[in-house]
Amino acid sequence: MEEFEKLSNAPPNSLNKKSSGIGKYLIGLSGITAVGISVVCFPFVAPAFRKYCLPYVPATPKQMQNVFSCLPKEKGKLLDIGSGDGRIVIETAKKGWKSDGVELNLFLVLFSRISALKNGVSGKTKFFKRDLWKFNTSSYDCVVIFGVEQMMSELESKLGRELNDKSKIIACRFPFEEKHLKLVDRIEDGVDSVWVYKKS
């Protein structure tokens, strides 16, 4: 009862100051939380604002198996376009390829580098944080792409210009239009289908 009387007799300004302090603290905490969530989510949401939305969708074990079955017997330099978490790059490096990945998402590039280190193939792999349209593919013997339908025509033109005549291109999820590349093999397997091309 005495405490209630103390509170009721307390000057209004002291109660307002306490409420104001708590309110400012909660607003600050909300702001910091919102900024933190934005920073973490931005690399995963950013693809939606690019010319072509190339979201991060990990390759399934079946897709990886289909890709590996289409790799050339003679091992050389391999590039995974939109390498995501690096699983194609890392597994092909284990099979003897000198494998690189190009990816715009910084978190995925860092994750891939750490994963390559853990898997003992960091010396055989490189992960580049680059825009694939500005990345030169001319030195690669094999290119793997998990693309989206809207980008395949422009990507085919780029690969047709840059790759050498012996290079092999493995497309997953969506095929090329065959304007600059020639289809040489394919594995029909629903969403895990793989198409293999060379320069025409």
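**Helix H5, the cysteines and Leu181**

Reader: What makes Asn105 a cap for the N-terminal end of H5?

Author: In this predicted model, a side-chain oxygen of Asn105 lies 3.0 Å from the backbone nitrogen of Phe107. A polar contact needs a pair of N or O atoms within 3.5 Å, so that distance fits.

Reader: How do you know how far H5 reaches, and what span is expected for H5?

Author: H5 runs over residues 106–118, which makes 13 residues. From the first C-alpha of H5 to the last is 18 Å, close to the 18 Å expected at 1.5 Å a residue. After H5 comes Gly120, with a positive phi near 75 degrees.

Reader: Which residues of H5 are called buried?

Author: The buried ones are Leu108, Val109, Ser112, Ser115 and Ala116. To be called buried, a residue has to be under 20% relative accessible area. These residues of H5 span an arc of only 125 degrees around the axis, so they sit on the same side of the helix.

Reader: What covers the buried residues of H5, and which residues are exposed on the other side?

Author: The cover includes helix H4 (87–94), along with strands E2 (98–103) and E3 (125–129). On the other side of H5 you'll find Ile114, Leu117 and Lys118, which are exposed; that word takes over 50%.

Reader: How many disulfides does the structure hold, and how do you know?

Author: Zero. A disulfide would need two cysteine sulfur atoms within 2.5 Å. For the sulfur of Cys70, the closest cysteine sulfur belongs to Cys172 and is 8.2 Å away, so that's too far for a bond. Take Cys142 next: its closest cysteine sulfur is in Cys70, at 9.2 Å, which is again too far for a bond.

Reader: Why are Cys70 and Cys142 called buried?

Author: Just hold their numbers up to the 20% cut-off. Cys70 has a relative accessible area of 4%, so it counts as buried. Cys142 comes in at 0%, so the word fits there too.

Reader: Where is Leu181, and is it buried or exposed?

Author: Leu181 belongs to strand E6, residues 181–187. Its relative accessibility is 1%, and the limit is under 20%, so Leu181 counts as buried.

Reader: What does Leu181 touch, leaving out residues up to four places away in sequence?

Author: Quite a list: Glu156, Gly160, Ile169, Phe176, Tyr197, Lys198, Lys199 and Ser200. To count as touching, heavy atoms must be within 4.5 Å. As for Glu156, it is 25 residues from Leu181 along the chain, and their C-alpha atoms are 6.9 Å apart.

Methods: Residues numbered from 1 in each chain as written. Predicted model: local features only at pLDDT ≥ 70, side-chain atom pairs only at ≥ 80, totals over all residues. Heavy atoms only, no water. Helix = DSSP H or I, 4+ residues; strand = E, 2+ residues; numbered from the N terminus. Expected span 1.5 Å × (residues − 1). Buried < 20%, exposed > 50% of the residue type's maximum accessible area, 1.4 Å probe, protein only. Arc of directions from axis to C-beta. Polar contact = N/O pair within 3.5 Å; in protein donor to acceptor, adjacent residues only side chain to side chain.
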